[in-house]
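Hi,

Here is the structure I promised to pass on. Have a look at it first, and then read my notes below.

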Amino acid sequence: MNPSPSQRTPVAVAVGLMVRADGAFLMASRPEGKPYAGYWEFPGGKLEVGESLRDALAREFEEELGVRVREAQFWRSLRVDYPHALVDLQFCRITAWDGEPQGREGQQLSWQTLPVTLSPVLPGALPVLGWLAQEGG
Ligand SMILES: Nc1nc2c([nH]c(=O)n2[C@@H]2O[C@H](COP(=O)(O)OP(=O)(O)OP(=O)(O)O)[C@@H](O)[C@H]2O)c(=O)[nH]1
């Protein structure tokens, strides 16, 4: 069955790697009701119409985690073709924030170092672990 054109239009997604001074990074489980519920990913979400990457990141982190992003740098992008959507993931490193992350949408949170002890990891989050390994964690 051919997908409808709307399913093939890339959707921009802002994703943040919160990295602590000790090198640990935050992962979150996808809440019930979303595709790939229970899979581990990096917090973030889709850009709204007219929204910048930075604004989307700040909004998603406030909504999902109750965290105010203070410093974020674009890191890498990745296109992933899922059956449910074609996504352009824009990964940012978040190095300064206010507040302690809380799972405001029922998601579990976990600070991780390499190798991660969580599974399953979302296909669109797995390459990030390789990139981190290349950079020495
Ligand atoms: N947040 C996040 N999304 C990712 C990652 N990797 C990845 O493929 N994605 C995909 O990017 C898309 C993000 O959509 P979402 O459903 O989390 O976004 P959202 O919070 O705006 O959801 P909503 O549609 O319920 O408002 C999903 O298709 C998800 O599978 C990741 O590491 N983090």
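Let me start with β1, which is mostly covered: 6 of its 8 residues are buried. Bear in mind throughout that this is a predicted model.

What does β1 pair with? On one side there is β6, which runs parallel to β1 and is joined to it by 8 bridges. Two of the facing pairs are worth clicking on: V13 stands opposite L89 in β6, and L17 stands opposite R93 in β6. Then there is β4, which pairs with β1 in the antiparallel sense over 3 bridges. V13 turns up again here, since its opposite number in β4 is K46.

Put together, that gives an open sheet of 4 strands, ordered β4-β1-β6-β5, with mixed pairing. The edges are β4 and β5 (68-81); each has a single partner strand, so one side of each is left without a neighbour in the sheet. From one strand to the next, the twist averages 20 degrees. Helix α2 (residues 53-65) lies across β1, β4, β5 and β6, and runs at about 105 degrees to β5.

Back to K46 for a moment, which lies in strand β4. Is K46 buried, exposed or partly exposed? I make K46 partly exposed, because 13 other C-beta atoms lie within 10 Å; the buried class would need 20 or more, and the exposed class 12 or fewer. Leaving out residues up to four places away in sequence, K46 touches V11, A12 and V13. As for L132, which is 86 residues from K46 along the chain, the C-alpha atoms of the two are separated by 23 Å.

Next, the ligand. Which residues are closest to it? Those are E41, G44, G45, G124 and A125, out of 19 residues that surround the ligand. The elements that give two or more residues to this shell are β1 (11-18), β4 (44-46) and β6 (86-98). Of the elements, β4 gives the most, with 3 residues. By class, the shell has 13 nonpolar, 3 polar and 3 charged residues.

There is another sheet to look at as well. This one is open too, with 3 strands in the order β3-β2-β7 and antiparallel pairing. Its edge strands are β3 (40-41) and β7 (109-112), each of which pairs on one side only. Strand β2 (residues 25-29) and β7 run antiparallel and are joined by 4 bridges. If you want a pair to find that register by, take M27, whose bridge partner in β7 is S110.

Finally, the annotation. UniProt lists residues 8-134 as "domain: Nudix hydrolase", and the entry is unreviewed. In the model, that span is 18% helix and 39% strand, and its end C-alpha atoms lie 31 Å apart.

If you only have time for one spot, I would go to V13: this residue stands opposite L89 in β6 and opposite K46 in β4. From there you can step across to β4, which is an edge of its sheet and also gives the most residues to the shell around the ligand.

Cheers

Methods:
Residues are numbered from 1 along each chain as its sequence is written. This is a predicted model: local features need pLDDT of at least 70, side-chain atom pairs count only at pLDDT 80 or more; totals for chains, interfaces and linings use all residues. UniProt positions are given in the numbering used here, feature names are shortened, and annotations may be inferred rather than shown by experiment. A residue is near a molecule or strand if its C-beta atom, placed from the backbone, lies within 6 Å of it. Ala, Val, Leu, Ile, Met, Phe, Trp, Tyr, Cys and Pro count as nonpolar, Asp, Glu, Lys and Arg as charged, and the others, Gly among them, as polar. Two strands pair if DSSP finds at least two bridges between them. Two residues are in contact if their C-beta atoms, placed from the backbone, lie within 7 Å. Axes are lines fitted to C-alpha atoms, for helices over the stretch in contact, and angles run from 0 to 180 degrees between N-to-C directions.
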